[in-house]
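Grab a pen and work through these exercises on salt bridges and burial. Each task comes with its solution, step by step.

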Amino acid sequence: MVIRIIDAVNEQAPAGAKKLFVKSYGCQMNVYDGFRMAELLAPLGYTLADSADGADVVLLNTCHIREKADDKLFSDLGRFRRAAKEDAILAVGGCTGQALGAKVMEAAPSVSVVFGPQTYHRLPALIEKVQQGRIARAQGHKNAPIRAVDVDFPELEKFDRLPTPGAYGPTAFVTIQEGCDKFCTYCVVPYTRGAEISRPWQHVVAECEQLAAQGVREVTLLGQNVNAYENDGITLAGLCEKVGEIDGIARIRFTTSHPNNTGDDLIEAFATNPKLMPYFHLPVQAGSNRILQAMNRNHTVESYLATLEKVRAARPDIAISGDFIVGFPGETEEDFAATLAVAHQVQYVGAFSFAYSPRPGTPAAELPGQIDEITKKERLAALNVVLDDSLAAFCKKFDGHTVEVLVEGHGGRAEKFGQPQLRGRSLHNLPVNFTFGDADPLSLMGQLVNVRVTHTTAKALNGVLIQGL
Ligand code: SAH
Ligand code: SF4
Ligand code: F3S
């Protein structure tokens with residue numbers, strides 16, 4: 001799949017191209033941005049490579065959400081510097097680029113360009129500036145600038161400057177909203193991605209149409225508070241309706257939502273929009289109202305559960321997933337027990353759970369009562385047992401049943417499974433691996449098919465192809 005994606009991007013690059021390596025860390029919004037960066041540089045003669053070996057330009061599209069994400073950047077940088085060409089341009093973009101700005105260059109002398117999530121459309125100019133500066137230095141202009149930093153927040157400008165997005169398989173991400181205004185006390189996103197702003201709905205629909213024309217069947221609409229999307233009177237529910245009218249689009253998903261922005265129209269859409277998948281990612285973060293308040297989440301456990309109740313009433317089979325932070329400053333055993341209780345009650349079918357990581361510049365990093373790392377690890381492990389159990393129980397429910405699958409690619413190896421397999425996702429976003437008898441696997445790619453589930457694992461379904469839909 002990686003190779004196919006690379007080939008698809010490279011179709012746009014002229015012959016004799018230079019080598020570009022892009023690594024995206026963090027959330028789906030970064031994955032979306034990473035593809036757009038490669039597409040932006042393709043017409044300038046850069047082909048996408050699957051490693052930094054011999055690369056002319058290395059782009060690190062970073063994440064700043066937890067300390068570990070930053071550590072990873074700095075360890076990768078050294079490795080990529082050694083692997084790339086001697087005179088390669090190393091560029092750090094994404095959320096760490098935005099948060100640290102020129103400080104990245106102080107910490108890493110090999111970095112020539114720093115940019116942020118809202119300025120990557122200016123990458124061609126930033127790279128050009130470095131190249132011109134290097135030429136000038138070679139000609140004896142000792143002070144010519146050979147490094148460039150651009151961490152502005154131009155609102156939505158990038159979307160108007162990006163090329164038509166490519167399709168790299170039957171499923172695609174579409175960013176519909178940028179930034180975040182919520183300022184949860186632990187979180188860097190409002191500082192790294194700027195103010196919350198929704199893209200014009202016509203632009204989103206046009207992008208989905210372009211993707212559908214290239215064979216995309218499923219779109220995942222992205223934003224940090226995607227359910228707060230609103231443009232020209234069109235809410236997320238309205239947008240899903242419009243996207244659902246596009247020929248070829250069979251499935252719509254969206255992520256990630258905030259408990260306070262789940263409008264009744266969106267809840268109703270789960271019941272009435274047949275293209276909207278029965279899957280809702282609604283992070284709760286913690287099960288104690290005291291902690292939620294200290295997090296500035298502006299919702300209670302009760303209001304969160306009440307929202308889920310309404311959603312379940314509208315769409316009884318809906319799968320709920322979420323995010324959790326354990327070990328927030330001041331979290332007592334009792335608070336943590338409340339988080340476990342929510343996890344038990346909701347029976348999540350997928351969740352991201354994290355140990356709290358103090359982030360410089362966020363209010364929570366200054367709070368008293370910081371929890372030691374061992375306690376955080378223990379709490380995380382205990383929570384993960386509950387989360388893993390509910391996912392496994394959900395998978396088990398499908399044993400012996402037929403599920404609809406969007407075929408995304410080749411599955412497990414034939415040597416391991418006896419027969420070759422294909423893989424895709426069910427309506428509830430569960431990974432499905434299945435054998436396909438004597439059907440032609442290539443003709444099944446990007447199709448919706450029925451699969452009879454023959455056994456389940458803790459996180460996935462396995463089965464056999466019954467028929468195309
Ligand atoms: N906008 C989304 C999530 C964005 S960040 C929302 O509000 O749900 C993704 C997840 O990272 C968060 O939901 C949270 O669980 C986690 N996270 C954010 N900051 C963190 C920190 N400082 N330490 C640990 N986890 C964090
Ligand atoms: Fe971060 Fe909170 Fe915004 Fe989500 S809603 S991105 S957790 S500040
Ligand atoms: Fe990370 Fe930025 Fe996404 S901090 S989680 S890449 S918005």
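**Exercise 1.** Work out whether Arg193 is buried or exposed, then find its salt-bridge partner.

*Solution.* Step one: Arg193 has a relative accessible area of 2%, so Arg193 is buried (under 20% relative accessible area; exposed is over 50%, partly exposed in between; 1.4 Å probe, protein chains only). Step two: Arg193 pairs with Glu178, with the closest N and O atoms 3.3 Å apart; a salt bridge puts a side-chain nitrogen of Lys or Arg within 4 Å of a carboxyl oxygen of Asp or Glu. Step three: Glu178 is buried too, at 2% relative accessibility.

A caveat: this is a predicted model, where local features need pLDDT of at least 70, side-chain atom pairs count only at pLDDT 80 or more, and totals for chains, interfaces and linings use all residues. Residues are numbered from 1 along each chain as its sequence is written, chains are lettered from A and ligands numbered from 1 in the order in which they are written, and side-chain values use heavy atoms, leaving out hydrogens and water.

**Exercise 2.** Take the salt bridge of Asp150 and Arg122 and describe the burial of each residue.

*Solution.* Step one: the N to O distance is 2.8 Å. Step two: Asp150 counts as buried at 12% relative accessibility, whereas Arg122 is partly exposed at 22%.

**Exercise 3.** Place the bridge between Arg161 and Glu157.

*Solution.* Step one: N and O are 3.8 Å apart. Step two: both residues sit in helix H7 (residues 157–161), four residues apart, or about one helical turn.

Technical notes
Helices (H or I, at least four residues) and strands (E, at least two) are DSSP runs, numbered from the N terminus.
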